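Please look over the sequence and the model shown here before reading on. The report is meant to be read with both in view.

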Amino acid sequence: MRIELENLEGGKSDFVHVYQPEDLNPVDERIDVIEPATVSGKIRLAGNEVFVNGHVETRAKVECDRCLQPVEIPVNADFALEYIPGSEYESTNVVELTEDQLSVAVFDGEAIDVNEIVKEQIVLAVPTRVLCRENCKGICPECGTDRNTGDCSCTTNDIDPRWAALKKLI
Ligand SMILES: [Zn+2]
Ligand SMILES: [Zn+2]
């Protein structure tokens with residue numbers, strides 16, 4: 001969905017859109033959206049600048065950081081974005097950020113691409129490390145066995161070298 005600025009009545013508008021997973025996937029190399037994603041928000045023009053804020057909500061599938069099994073997680077992201085036209089950006093050396101959550105982006109001066117916002121917000125909302133469970137045992141680096149589902153014969157050798165050194169002292 002693109003919001004054309006010339007269609008905004010009174011320079012502002014509310015928007016809501018539901019994306020099917022296939023509209024967004026692949027979000028990036030590690031994130032797949034598995035439920036429809038709802039985005040809702042407000043867009044407001046102020047001179048040459050455009051302010052967009054809103055909320056994205058869906059569920060995503062990623063790999064466990066330790067055992068690589070798929071993990072489904074909820075995605076909830078609030079965003080507050082500021083856009084300035086590309087032509088304006090080039091003439092501005094310093095862009096001041098006034099609020100923590102506020103980031104400034106460049107756009108073509110005609111329309112805001114909500115698809116891009118939604119994908120970007122999902123990527124930002126998914127933690128870089130996701131575990132399938134708090135105490136996931138991961139994969140044996142020797143033989144590749146998933147230690148959550150079974151032990152292998154090499155597990156006894158796999159002591160963190162720092163602990164191994166301590167053990168000698170005892
Ligand atoms: Zn895991
Ligand atoms: Zn093993």
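This report goes through the metal sites, an aromatic pair and a pocket.

## Basis of the report

This is a predicted model, in which local features need pLDDT of at least 70 and side-chain atom pairs count only at pLDDT 80 or more, while totals for chains, interfaces and linings use all residues. Residues are numbered from 1 along each chain as its sequence is written, chains are lettered from A and ligands numbered from 1 in the order in which they are written, and side-chain values use heavy atoms, with hydrogens and water left out.

## The two zinc sites

The zinc ion (ligand 1) has as its protein donors the SG atoms of Cys-64, Cys-67, Cys-132 and Cys-136, which lie 2.3 Å from it. Donors are N, O and S atoms within 2.8 Å of the metal (3.2 Å for Na, K and Ca), and since water is not among the atoms, sites may look incomplete. Along the chain, the donors of ligand 1 follow the spacing C-x2-C-x64-C-x3-C, and the angles among the four donor atoms, 107 to 114°, make the site tetrahedral (four donors with all angles between 85 and 135 degrees). Ideal angles for four tetrahedral donors are 109.5 degrees.

For the zinc ion (ligand 2), the protein donors are the SG atoms of Cys-140, Cys-143, Cys-152 and Cys-154, at 2.1 to 2.4 Å. The site of ligand 2 is tetrahedral, with angles of 104 to 116°, and its donors are spaced as C-x2-C-x8-C-x1-C. Cys-140 is buried at 2% relative accessible area, whereas Cys-143, at 42%, is partly exposed; buried means under 20%, exposed over 50% and partly exposed in between, with a 1.4 Å probe and protein chains only. At the site of ligand 1, both Cys-64 and Cys-67 are buried.

## The aromatic pair

A search of the whole structure finds one aromatic pair (ring centres within 6.5 Å; planes under 30 degrees apart are stacked, over 60 edge-to-face and the rest tilted, with the six-membered ring used for Trp). Tyr-83 and Phe-107 form this edge-to-face pair, with 6.0 Å from centre to centre and 75° between the planes. Because Tyr-83 lies in strand β6 and Phe-107 in strand β7, the pair ties together parts that are 24 residues apart in sequence; strands are DSSP runs (E, at least two residues), numbered from the N terminus. Tyr-83 is buried at 10% relative accessibility, and Phe-107 is buried at 8%.

Key: Four donors count as tetrahedral if all angles lie between 85 and 135 degrees; four count as square planar and six as octahedral if opposite donors are over 155 degrees apart and all others between 65 and 115; anything else is irregular. Helices (H or I, at least four residues) and strands (E, at least two) are DSSP runs, numbered from the N terminus.
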